[in-house]
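User: I am new to reading protein models and would like to work through this one step by step. Could you take my questions in turn and show the reasoning behind each reply?

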Amino acid sequence: MIHPGRERDIGQYRIEREPFYAEVRGEVGLFSIAARNKMPVMLKGPTGCGKTRFVQHMAYRLERPLITVACHEDLTASDLVGRYLLKGQETVWMDGPLTLGVKHGAIVYLDEVVEARKDTTVIIHPLSDDRRVLPIEKKGQILEAADDFMLVISYNPGYQSVLKDLKQSTKQRFMAIEFEYPSPEIETTVVEREAGVNQALAGSLVKLGGKVRNLKNHGLEEGVSTRLLIYAGTLIRQGVPAERACDVAIARPITDDPDMQRSILELAKAIF
Ligand SMILES: Nc1ncnc2c1ncn2[C@@H]1O[C@H](COP(=O)(O)OP(=O)(O)O)[C@@H](O)[C@H]1O
Ligand SMILES: [Mg+2]
């Protein structure tokens with residue numbers, strides 16, 4: 001039975017305008033080849049370095065819908081695949097995001113996939129080898145993926161512990177594109193554009209970013225993200241004094257250690 005309006009509309013997942021993305025190391029070409037050859041891709045790298053923006057950009061370029069799922073520890077297989085819902089007197093099947101993407105040839109992006117429960121990662125296995133099928137257990141169906149369907153996952157190796165790591169059997173199904181912070185030139189362009197600040201200011205923020213990232217060897221858990229540099233730039237553009245902007249957008253978010261926060265502020269003072 002067809003229930004008009006109940007089927008989720010794939011159109012809403014299309015990206016109409018090109019998301020700005022500055023290429024760092026040939027990732028656009030690699031991803032395009034993977035897409036053409038039905039190869040699943042893993043984006044590896046620290047937070048805020050452009051992974052999400054990159055997938056949005058690629059979905060636009062490849063003219064495929066993009067369905068993003070933020071993975072978390074309560075994410076079940078049904079959340080991805082779908083479930084029967086009670087609507088008045090009848091039960092209707094509701095496709096989950098993965099099923100929707102598999103049917104309609106979308107890029108399905110599982111963000112921070114390592115957060116998801118182990119049984120959840122298992123259901124992506126038959127989709128990420130040459131079978132390209134999704135078993136829908138509750139319906140007793142096996143769904144073949146549309147040609148344009150592509151599975152993309154993100155993964156931050158910096159956070160992983162022994163308890164929380166992707167299994168080799170999962171890892172070894174994906175081509176992995178490594179994301180790092182962009183070179184100073186590219187990162188300056190990104191900060192300039194995204195924060196709407198001039199090149200000199202963007203350059204100073206990127207310089208500070210480089211120095212803060214060096215603190216990683218001195219006890220900082222993770223370097224400052226491009227995203228935070230953009231926040232700092234945005235605050236400065238809005239009239240917040242540079243030092244204060246660096247405090248609230250860089251020093252405070254990345255560490256709780258007062259000594260480390262002070263060190264970061266000293267670096268900011270020296271630059272601004
Ligand atoms: N190479 C890049 N090109 C364009 N914007 C970028 C780039 N890298 C980072 N950014 C900017 O940084 C922000 C954070 O990136 P995002 O893709 O959300 O990071 P991630 O998904 O890796 O955590 C983006 O919103 C974008 O403004
Ligand atoms: Mg992201």
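User: Is L134 buried or exposed?
Analyst: This is a predicted model, and the reply here rests on counting neighbours around the residue. A residue needs 20 or more other C-beta atoms within 10 Å to count as buried. Because L134 has 24 C-beta neighbours inside 10 Å, L134 counts as buried.

User: Where in the chain is L134 placed, and which residues does L134 touch?
Analyst: L134 belongs to strand 6, which covers residues 133–136. Leaving out residues up to four places away in sequence, the residues that L134 touches are V81, L98, T99, V102, P126, L127, L143 and A145.

User: What distance separates the C-alpha atoms of L134 and L201?
Analyst: Along the chain, L134 and L201 are 67 residues apart. In space, the separation of their C-alpha atoms is 49 Å.

User: Which residues have the most contacts inside the largest nonpolar core, and which strand gives the most to this core?
Analyst: The largest nonpolar core has 45 residues, and those with the most contacts inside it are I107 and V152. Several elements each supply at least two residues of this core, among them strand 1, helix 2, strand 5 (107–111) and strand 6. The element that gives the most to this core, with 5 residues, is strand 8.

User: Which residues is V152 in contact with?
Analyst: Neighbours of V152 within four places in sequence are set aside here. The contacts of V152 are then V41, L43, V55, I107 and Y109.

User: How many residues does the second, separate core have?
Analyst: This second core is separate, and its members include V190, V212, V224 and C246. The number of residues in the second core is 25.

User: How is the protein divided into domains, and what distance lies between the C-alpha centres of domain 1 and domain 2?
Analyst: The domain assignment gives domain 1 as residues 10–178 and domain 2 as residues 184–271. The contact between them takes 9 residues from domain 1 and 10 residues from domain 2. On the side of domain 1 that touches domain 2, there are 5 nonpolar, 4 polar and no charged residues. The distance between the C-alpha centres of the two domains is 31 Å.

User: Why does ligand 1 lie between domain 1 and domain 2?
Analyst: The shell around ligand 1 has 17 residues, and the closest are G50, K51, T52, R53 and R227. By class, this shell is made of 8 nonpolar, 5 polar and 4 charged residues. Ligand 1 lies between the domains because residues of its shell are given by both domain 1 and domain 2.

User: Which helices each supply at least two residues of the shell around ligand 1?
Analyst: The shell around ligand 1 holds 17 residues, so it is useful to ask about the helices behind it. Those that each supply at least two of its residues are helix 2 (51–62), helix 7 (184–195) and helix 9 (226–237).

User: Which residues of helix 7 are buried, and what follows helix 7?
Analyst: In helix 7, the buried residues are E187, T188, V190, V191, E192 and A195. What covers these buried residues includes helix 8 (199–214) and helix 9. The residue that follows helix 7 has a positive phi, near 70 degrees, and is G196.

User: How far apart are the end C-alpha atoms of helix 8, and which helices do the buried residues of helix 8 pack against?
Analyst: Helix 8 has 16 residues, so at 1.5 Å a residue it should span 22 Å, and its end C-alpha atoms agree with this at 23 Å apart. The buried residues of helix 8 are A202, S204, L205, V206, L208, G209 and V212. They pack against helix 7, helix 9, helix 10 (242–254) and helix 11 (258–271).

User: What is the phi of K38, and what is the phi of R132?
Analyst: Most residues other than glycine have a negative phi, so positive values deserve a second look. K38 sits in the loop between helix 1 (27–36) and strand 1 (41–44), while R132 is in the loop between helix 5 (118–123) and strand 6. K38 is partly exposed, because 15 other C-beta atoms lie within 10 Å, and R132 also counts as partly exposed, with 18 C-beta neighbours inside 10 Å. Phi is near 55 degrees for K38 and near 50 degrees for R132.

Technical notes. Residues are numbered from 1 along each chain as its sequence is written. Chains are lettered from A and ligands numbered from 1 in the order in which they are written. This is a predicted model: local features need pLDDT of at least 70, side-chain atom pairs count only at pLDDT 80 or more; totals for chains, interfaces and linings use all residues. Helices (H or I, at least four residues) and strands (E, at least two) are DSSP runs, numbered from the N terminus. A residue is buried if 20 or more other C-beta atoms lie within 10 Å of its own, exposed if 12 or fewer, and partly exposed in between; C-beta atoms are placed from the backbone. Two residues are in contact if their C-beta atoms, placed from the backbone, lie within 7 Å. A residue is near a molecule or strand if its C-beta atom, placed from the backbone, lies within 6 Å of it. Ala, Val, Leu, Ile, Met, Phe, Trp, Tyr, Cys and Pro count as nonpolar, Asp, Glu, Lys and Arg as charged, and the others, Gly among them, as polar. Domain bounds come from an automatic or database domain assignment. The expected span of a helix is 1.5 Å times one less than its number of residues. A nonpolar core is a set of buried Ala, Val, Leu, Ile, Met, Phe, Trp, Tyr and Cys residues joined through C-beta atoms within 7 Å.
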